[in-house]
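Dear colleague,

Please find below the structure that I am handing over to you. My notes on what was found in it follow directly after.

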Amino acid sequence: MALFHALILTCLRKGRKGFTIVEIIVAITVVAILATIVIVSYDGIQQRTRDSQRESDITQLKIAIEKYHAENSEYPDACGNTSGCSASNLSSYLSPYLDSVPVDPSGSSNQYQYVRNGNSYGLRVNFEAKPACKTGVRMNSGWWGSSMPTCG
């Protein structure tokens, strides 16, 4: 905005009644650069906000799973095997502890994953602004690949 005021004052002092094409191009270029910066920053902020929601969701799931474990002396067998499944399969098991199983905030098919094997379980979450990770209790290093980091 200050750029426009400076251009107007310059024109008024010199007695001109309009802007030169160079002045208009410079003003448009500055506005375009600023708009690009704002758009890129906004996208990054949105990704970090969704990632924060994912962290909160995983914490809620872990608390509910631990409450289930405390009452039943086992983790929910929502998948029926050790290959894993969508965390949404936990809804009937966790309904006393959680109103609804959280879903990914992006609304995509990129859901949280759950796996259980005996007295251990794992949750996988895919982030946007940082790498996917896994968390749980006594996790098998092979779940979702041994190179996948543990959530910190």
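Does Val-26 count as buried, partly exposed or exposed, and what is its relative accessibility? Please bear in mind throughout that this is a predicted model. Val-26 has a relative accessibility of 43%; because buried means under 20% and exposed means over 50%, Val-26 counts as partly exposed. Its place in the chain is helix H2, which covers residues 21-72. A nonpolar surface patch of about 740 Å² includes Val-26, together with Ile-21, Val-22, Ile-25, Val-30, Ile-33, Leu-34 and Ile-37.

Overall architecture

The protein contains three helices and four strands. Read from the N terminus, the order of elements is α-α-β-α-β-β-β. Of the 152 residues in the protein, 30% are buried. The exposed area comes to about 9,300 Å², of which carbon and sulfur atoms supply 58%. When contacts between residues at least 6 apart in sequence are considered, 53% of them join residues at least 24 apart.

Salt bridges

The count of salt bridges comes to seven. Three of the pairs are described here.

Arg-50 and Glu-128 form a salt bridge in which the closest N and O atoms are 2.5 Å apart. This pair links distant parts of the chain, since Arg-50 belongs to helix H2 and Glu-128 to the loop between strand S3 (121-125) and S4, 78 residues apart. Arg-50 has a relative accessibility of 23% and therefore counts as partly exposed. Glu-128 is also partly exposed, with a relative accessible area of 32%.

A salt bridge also joins the side chains of Arg-54 and Asp-104, at 2.7 Å from N to O. Arg-54 is in helix H2, while Asp-104 is in the loop between helix H3 (91-94) and strand S2 (113-116), so this salt bridge ties together parts of the chain that are 50 residues apart in sequence. Both Arg-54 and Asp-104 are buried.

The side chains of Asp-77 and Arg-116 form a further salt bridge, with an N to O distance of 3.7 Å. Asp-77 sits in the loop between H2 and strand S1 (85-86) and Arg-116 in strand S2, so parts that are 39 residues apart in sequence are tied together by this pair. The two partners fall into separate accessibility classes: Asp-77 is partly exposed, at a relative accessible area of 33%, whereas Arg-116 is buried, at 16%.

Which residues are joined into one network by salt bridges that share partners? They are Arg-50, Asp-51, Arg-54, Asp-104 and Glu-128.

The largest pocket

The largest pocket holds about 220 Å³ of space. Its lining is made up of 14 residues, and those closest to the centre of the pocket are Glu-55, Phe-127, Cys-133, Cys-151 and Gly-152. Helix H2 and strand S4 (133-137) each supply at least two residues of this lining. The element that gives the most is H2, with four residues.

Backbone geometry

Most residues other than glycine have a negative phi. Where, then, is a positive value found in a residue other than glycine? Ser-73 has a phi near 60°, and the phi of Trp-144 is likewise near 60°. Ser-73 lies in the loop between H2 and S1 and counts as exposed, at 61% relative accessibility. Trp-144 belongs to the segment after S4 and is partly exposed, with a relative accessible area of 23%.

A pair separated in sequence

How far apart are Asn-117 and Met-139 in sequence and in space? The two are 22 residues apart in sequence, and their C-alpha atoms are 8.6 Å apart in space. Asn-117 is located in the loop between S2 and S3. With a relative accessible area of 39%, Asn-117 is partly exposed.

Helix H2 recurs in several of these findings: Val-26 of the nonpolar patch is found in H2, Arg-50 is in H2, and H2 gives the most to the lining of the largest pocket.

With kind regards

Definitions and conventions: Residues are numbered from 1 along each chain as its sequence is written. This is a predicted model: local features need pLDDT of at least 70, side-chain atom pairs count only at pLDDT 80 or more; totals for chains, interfaces and linings use all residues. Side-chain values use heavy atoms; hydrogens and water are left out. Patches are made of residues with over 30% relative accessible area and no salt bridge: like charges are joined within 9 Å, nonpolar side chains (Val, Leu, Ile, Met, Phe, Trp, Tyr) within 5 Å. Accessible areas come from the Shrake-Rupley method with a 1.4 Å probe; for residues, only the protein chains shown count as cover. A salt bridge is a side-chain nitrogen of Lys or Arg within 4 Å of a carboxyl oxygen of Asp or Glu. Buried means under 20% relative accessible area, exposed over 50%, partly exposed in between (1.4 Å probe, protein chains only). Contact means heavy atoms within 4.5 Å. On a 1 Å grid over the protein atoms alone, a cavity is a set of points where a 1.4 Å probe fits but cannot get out, and a pocket is an open set with protein on both sides within 12 Å along at least five of seven lines; lining residues have an atom within 4 Å of a point. Grid points are joined across faces, edges and corners, and a volume is the space filled by probe spheres set on the points.
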